[in-house]
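This briefing introduces one structure to a reader who has not seen it before. It covers the nonpolar cores, a central topic among the strands, and the aromatic rings.

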Amino acid sequence: MEIAQTYTVKDYYSLPENVRAELIEGQFYYMAAPSRIHQKTLNFLNTEINLYIRSVKCSCEVYPAPFAVKLFKDDKTVVEPDISVICDMNKLTEKGCTGAPDWIIEIISPSTSSHDYIYKLNLYAKAGVREYWIVNPLDQSVYVYFWEKEVFHTQSYTFRDKIKVNIYDDLWIDFAQSALYAQS
């Protein structure tokens, strides 16, 4: 039986600039270039979140991929969520974020769906991410996972819904008002 090589953060930062990969528990997971609908969804969400943060002048910052997030103190896990919202500025470094963001959004690609729905859900919960959204542009669904103290909440939505962001008192993302629903 062959034992897989274990990689570290040093290996991650040694990857060529044009290679997109995540390092999870010492193993690389390479990522393909995103589709047009993926990027359209990313742009919509990133814009809505940025507009909200600017309007309320809160201390949070939003970062779209590629943006490195070192979830744990060990040197074996660095992910690149599609969107990361960080409200503790002490977690930000020149290389990205060290520690769990407050809110992560992953936009599903057919090749990554089981990875995002199962593996990353558990990884983000373990790291202490407060809210995790899985957005699937192909079936126009959004799954919202929210951890509040010791309670785990989950809710499913469609692209026809206006969805409450749990980490904020007054932010709603209205998918029905976006061009995503038409999928032009």
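How many residues does the largest nonpolar core have, and which of them have the most contacts inside it? In this predicted model, the largest nonpolar core has 26 residues. W103, W133, Y168 and F175 are the residues with the most contacts inside that core.

**Nonpolar cores**

- Five elements each give two or more residues to the largest core: α2 (36-56), β5 (83-86), β8 (103-107), β9 (131-136) and β10 (141-148).
- The most comes from α2, which supplies six residues.
- A second core is separate from this one and has 20 residues, including F67, I108, L121 and Y145.
- In soluble globular proteins, nonpolar side chains tend to be buried together.

**Contacts of Y168**

- Y168 is among the residues with the most contacts inside the largest core.
- With neighbours within four places in sequence left aside, Y168 is in contact with Y52, I53, C58, C60, V85, C87 and W103.
- One of these partners, W103, is itself listed with Y168 among the residues with the most contacts in the core.

**Strand β8 and its partners**

- Strand β8 is largely enclosed by the rest of the structure, because five of its five residues are buried.
- In a regular strand the side chains alternate between the two faces of the sheet.
- In β8, W103, I105 and I107 lie on one side, while I104 and E106 lie on the other. Both faces are covered, and these residues are all buried.
- β8 pairs with β5 in the antiparallel sense, over three bridges. Within β8, I105 stands opposite I83.
- β8 also pairs with β9, here in the parallel sense and over five bridges. The bridge partner of I107 in β9 is V135.
- Together with helix α3 (residues 113-127), β8 and β9 make a β-α-β unit, which is right-handed.

**Aromatic rings**

- The count of aromatic pairs comes to 14.
- One aromatic cluster is formed by Y124, Y132, Y145, W147 and F152. Y145 from this cluster is also included in the second nonpolar core.
- A pair of aromatic rings is described by the distance of the centres and the angle of the planes.

**Charges over rings**

- The ring of Y13 has the charged end of K95 over it, 4.2 Å from the ring centre.
- K126 lies over the face of F72, at 5.5 Å from the centre of that ring.

Conventions. Residues are numbered from 1 along each chain as its sequence is written. This is a predicted model: local features need pLDDT of at least 70, side-chain atom pairs count only at pLDDT 80 or more; totals for chains, interfaces and linings use all residues. Side-chain values use heavy atoms; hydrogens and water are left out. A nonpolar core is a set of buried Ala, Val, Leu, Ile, Met, Phe, Trp, Tyr and Cys residues joined through side-chain atoms within 4.5 Å. Buried means under 20% relative accessible area, exposed over 50%, partly exposed in between (1.4 Å probe, protein chains only). Helices (H or I, at least four residues) and strands (E, at least two) are DSSP runs, numbered from the N terminus. Contact means heavy atoms within 4.5 Å. Rings of Phe, Tyr and Trp (its six-membered ring) pair if their centres lie within 6.5 Å; planes under 30 degrees apart count as stacked, over 60 as edge-to-face and the rest as tilted. A charge sits over a ring if NZ of Lys or CZ of Arg is within 6 Å of the ring centre and within 35 degrees of the ring normal. Two strands pair if DSSP finds at least two bridges between them. A crossover is right-handed if, with the strands pointing away from the viewer, the path from the first strand over the helix to the second runs clockwise.
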